[in-house]
Amino acid sequence: MDRWVGKVAVVTGASSGIGAATVLELAKAGMITVGLARRIERVQALAEQLPEEAAARLHAFKCDVSQEKDILAAFIYVEQQFGGVDVLVNNAGIYEKVNLLAENNTATLRQSMDINVLGLTLCSREAVQSMKKRSVDGHIVHINSIEGHFVPCYPGANLYPASKHAVTAITETMRHELRDAGTKIKVTSISPGLVQTPMLDLCDTYNNLETATMPMLQPVDIAEAILYVLGTPSRVQVHELTIKPVGEPV
């Protein structure tokens with residue numbers, strides 16, 4: 001991680017779960033870290049968990065990634081305040097329990113695609129433009145899911161598995177575009193299994209099981225995986241990383 005010290009990382013969905021763990025680890029690793037979230041007070045409060053020097057590297061900006069104007073404003077802020085983006089972690093995601101074919105579910109379905117797919121793509125677009133503008137060999141990390149590679153059977157999944165399959169395809173499409181453009185910008189998809197995050201509370205299937213006995217990852221496990229892929233040599237691109245807790249049944 002030495003080459004990233006003093007560089008700028010942007011993390012979406014930074015107010016809780018994997019995003020919160022990630023901004024903490026990146027700030028501790030020496031990066032100027034900007035956490036994007038709708039609830040910026042939660043990102044700001046994370047600084048209390050950091051040593052003073054690292055806390056000074058953590059910044060928060062209000063951003064709803066389902067809104068393009070918010071995304072554009074966030075990247076303008078990062079450019080004006082810190083010069084641009086070197087690392088982007090696309091962590092923001094949403095799961096809301098509703099059946100795919102249920103009545104009057106359009107708003108929920110649209111939100112899933114706006115945040116999980118389009119928001120991720122627009123943030124990546126703005127980050128790549130910033131990197132290319134400054135001739136930076138940056139890195140983009142998508143927090144995907146094992147559901148981006150298969151579709152489990154549980155009620156109310158709606159477009160979540162489809163949106164994560166889209167992330168898998170977007171990662172590959174980006175790799176081709178970045179290569180063909182002659183850049184050395186890396187792109188990585190990280191696909192966790194079950195992680196103990198607030199999103200898990202929304203899934204009745206898991207809540208109805210004895211959650212305490214189920215093998216789970218912790219958010220910091222994914223944050224440390226992000227540091228691992230960022231720390232690989234310039235010749236190495238970890239394109240897909242699947243992480244499961246020991247004993248996970250799926």
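At 67% relative accessibility, S135 counts as exposed, where exposed means over 50% relative accessible area, buried means under 20%, and partly exposed covers what lies in between (1.4 Å probe, protein chains only). The areas themselves come from the Shrake-Rupley method with a 1.4 Å probe, and for residues only the protein chains shown count as cover. Before going further, note that this is a predicted model, in which local features need pLDDT of at least 70 and side-chain atom pairs count only at pLDDT 80 or more, while totals for chains, interfaces and linings use all residues. Residues are numbered from 1 along each chain as its sequence is written, and side-chain values use heavy atoms, with hydrogens and water left out.

Back to S135, which sits in the loop between α5 and β5. Helices (H or I, at least four residues) and strands (E, at least two) are DSSP runs, numbered from the N terminus. What is the phi of S135 near? It is near 55 degrees, a positive value in a residue other than glycine. Most residues other than glycine have a negative phi. N158 also has a positive phi, near 40 degrees, and isn't a glycine either. You'll find N158 in the loop between β5 and α6. Is N158 buried or exposed? At 9% relative accessibility, N158 counts as buried.

Now for the strands. Start with β1, residues 8-12: 5 of its 5 residues are buried, so this strand is largely enclosed by the rest of the structure. V8, V10 and T12 point one way from β1, while A9 and V11 point the other way, and all are buried. Which strands does β1 pair with? By the rule used here, two strands pair if DSSP finds at least two bridges between them. β1 and β2 run parallel and are joined by 5 bridges, with V8 having I32 as its bridge partner in β2. β1 also pairs with β4, again in the parallel sense, over 3 bridges. Here V11 stands opposite V89 in β4.

Strand β4 (residues 87-90) is covered on both faces: V87 and V89 on one side, L88 and N90 on the other, and all are buried. From β4 you can step on to strand β5 (residues 139-143), since 4 bridges join these two parallel strands. One pairing to look for is N90, whose bridge partner in β5 is H142.

Next come the charges. Side chains of opposite charge can pair when their charged atoms come close. A salt bridge here is a side-chain nitrogen of Lys or Arg within 4 Å of a carboxyl oxygen of Asp or Glu, and the count by this rule comes to 9. Among them is the one between E79 and K133, whose closest N and O atoms are 2.5 Å apart. This pair links distant parts of the chain, with E79 in helix α4 (residues 68-82) and K133 in helix α5 (residues 106-133), 54 residues apart. E79 is partly exposed at 38% relative accessible area, whereas K133 is exposed at 61%.

How far apart in sequence are the partners E172 and R175? They are 3 residues apart, about one turn of the helix, and both lie in α6 (residues 160-180). Their side chains meet in a salt bridge at 2.7 Å, N to O. E172 is partly exposed, with a relative accessible area of 27%, and R175 is partly exposed too, at 25%.

Another salt bridge joins R125 and E126, with the closest N and O atoms 2.8 Å apart. R125 is partly exposed, with 35% relative accessible area. E68 joins R125 and E126 in a network of salt bridges.

On the surface, R38, R39, R42 and K62 gather in a patch of positive charge. Patches are made of residues with over 30% relative accessible area and no salt bridge, with like charges joined within 9 Å and nonpolar side chains (Val, Leu, Ile, Met, Phe, Trp, Tyr) within 5 Å. Lys and Arg count as positive and Asp and Glu as negative, while His and the chain ends are not counted. The place of a charge is taken as NZ of Lys, CZ of Arg, CG of Asp or CD of Glu. To find the patch, look for R38 in the loop between β2 (32-37) and α2 (40-46).

Finally, S234 is in the loop between α8 (219-230) and β7 (240-243). S234 is exposed, with a relative accessible area of 69%. S234 and E52 are 182 residues apart in sequence and 31 Å apart in space, C-alpha to C-alpha.
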